[in-house]
Amino acid sequence: FEPVTTSAFFGVAGVGYLGNKLYKYLFETCDDQWIRFNSSNLELALNQKLFGQHVASRVVLKTLTGYMNNPNPKKPLVLSLHGWTGTGKNFVSQLITESIYHKGMQSGFVHLFTATAHFPHQKHLEIYKEQLQMWVKGNVTKCPRSMFIFDEMDKMQAGLIDSIKPYLDYYENLDGVSYRQAIFIFLSNAGGEKIAEVALDFWNKGRDREEIELKDLEMAVTLSVFNNKQSGFWHANLIDKNLVDVYVPFLPLELKHVVQCGLAEMASRGIDPDQDVVERMAKDMNYFPKEERLFATQGCKVISSRLDYYI
Ligand SMILES: Nc1ncnc2c1ncn2[C@@H]1O[C@H](COP(=O)(O)OP(=O)(O)OP(=O)(O)O)[C@@H](O)[C@H]1O
């Protein structure tokens with residue numbers, strides 16, 4: 001029997017320690033080396049990269065900072081982002097992930113579901129429900145600070161979200177798993193038209209867009225979500241049960257925001273931003289309502305492909 005000498009022990013322990021360090025350096029792990037919320041980064045990104053969304057920007061920053069700084073949240077964070085197409089809902093989700101996960105959307109702890117891609121067949125609803133439940137449970141067990149983004153909520157079959165409803169609730173744990181560190185983000189166009197009506201009303205009254213507050217839009221959003229029986233929210237009664245922490249309204253974008261998006265797109269491609277080119281492109285796009293031509297029908301969504309014709 002050879003007693004292990006102190007130096008040999010520390011040698012082995014040292015190699016183990018270094019190995020562990022190297023592993024954590026190379027592979028994403030569920031700890032603060034890879035997952036750390038940076039509120040100032042989020043604030044900066046929202047201020048500099050997101051155009052025309054003063055309400056959404058404020059609500060997202062406040063809610064996320066409050067939740068992430070709370071060591072004992074009573075439930076997982078549930079955000080529901082609403083608005084017209086191309087107004088920045090996916091983009092904001094991306095900025096949120098980048099402020100928490102070192103790898104942003106590429107993180108293995110961020111899970112994106114799209115109704116049409118992941119749950120396309122109505123007849124498979126029961127299987128989807130089971131799979132979704134297992135996926136969420138399995139991933140939160142692996143990493144409590146997991147994020148789940150559900151895009152196209154209005155195309156999600158009513159009933160699907162039912163299966164994960166218990167996970168969004170105030171339980172301390174379910175079958176030994178606590179969901180309180182998890183973040184759920186729902187994206188949908190529901191409420192987009194009503195939000196546009198409010199924005200148009202402000203414009204008609206000669207009021208500044210920046211005067212619009214969350215309270216002016218909240219009712220518009222919750223009512224349209226509540227009244228839409230087709231919506232994936234309907235069956236799950238997330239509204240009745242107050243499981244959604246905040247509804248984040250996205251305003252329809254105006255020509256000046258489309259121009260900002262165009263300039264940002266040019267800069268991101270390493271091209272000198274050209275105001276004339278971008279304005280020409282922005283003016284050729286479609287706007288609604290027909291008479292006022294105030295809001296971009298496709299928001300900033302098609303900018304990157306459109307720009308190619310004008311450069
Ligand atoms: N408000 C905005 N500020 C800056 N860029 C934006 C904004 N809105 C959209 N964009 C740009 O347009 C792209 C498409 O927008 P995004 O996918 O976020 O729209 P969406 O609201 O999720 O649309 P949909 O409802 O159709 O899914 C983004 O990747 C971003 O580059």
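**Notebook: starting from Val259**

Looked up Val259 first: leaving aside its neighbours within four places in sequence, it is in contact with Val278, Glu279 and Ala282. Note to self that this is a predicted model. I placed Val259 in helix H10, residues 255–268. Is Val259 buried or exposed? I get buried, because 20 other C-beta atoms lie within 10 Å of its own and 20 or more is what the cut-off asks for. I also checked the pair Val259 and Val278: they sit 19 residues apart in sequence, and their C-alpha atoms are 5.7 Å apart in space.

**Whole chain**

I went through the protein chain next and found 12 helices and seven strands. It has 311 residues, and 36% of them count as buried. I then took the contacts between residues at least 6 apart in sequence; 79% of these join residues at least 24 apart.

**Domains**

The domain assignment splits off domain 1 (39–250) and domain 2 (255–310). Taken over C-alpha atoms, I have their centres 27 Å apart. How many residues of domain 1 are in contact with domain 2? I read 10 from domain 1, against 11 on the domain 2 side. On the domain 1 side, helix H8 (residues 192–204) supplies the largest share, three residues. By class, I noted that this side of domain 1 has five nonpolar residues, four polar and one charged.

**Ligand**

I turned to the ligand and found 20 residues around it. Which are the closest? My list reads Thr85, Gly88, Asn90, Phe91 and Cys300. H4 gives the most to this shell, with three residues. Both domains take part: domain 1 (39–250) and domain 2 (255–310) each put in at least three residues. I sorted the shell by class and got 10 polar, seven nonpolar and three charged residues.

**Helix H3**

Last stop was helix H3, residues 54–68. I checked its length: 15 residues at 1.5 Å a residue should span 21 Å, and the end C-alpha atoms are 21 Å apart, so the two agree. Which residues of H3 are buried? I wrote down Val55, Ala56, Ser57, Val59, Val60, Leu64, Tyr67 and Met68. I then looked at what these buried residues pack against: the helices are H2 (39–49), H4 (89–100) and H9 (214–227), and the strands are E1 (77–83) and E5 (246–250). H4 is on my ligand page too, where it gives three residues to the shell.

Technical notes:
Residues numbered from 1 in each chain as written. Predicted model: local features only at pLDDT ≥ 70, side-chain atom pairs only at ≥ 80, totals over all residues. Helix = DSSP H or I, 4+ residues; strand = E, 2+ residues; numbered from the N terminus. Expected span 1.5 Å × (residues − 1). Buried ≥ 20, exposed ≤ 12 C-beta atoms within 10 Å, placed from the backbone. Contact = placed C-beta atoms within 7 Å. Domains from an automatic or database assignment. Nonpolar A, V, L, I, M, F, W, Y, C, P; charged D, E, K, R; others polar. Near = placed C-beta within 6 Å.
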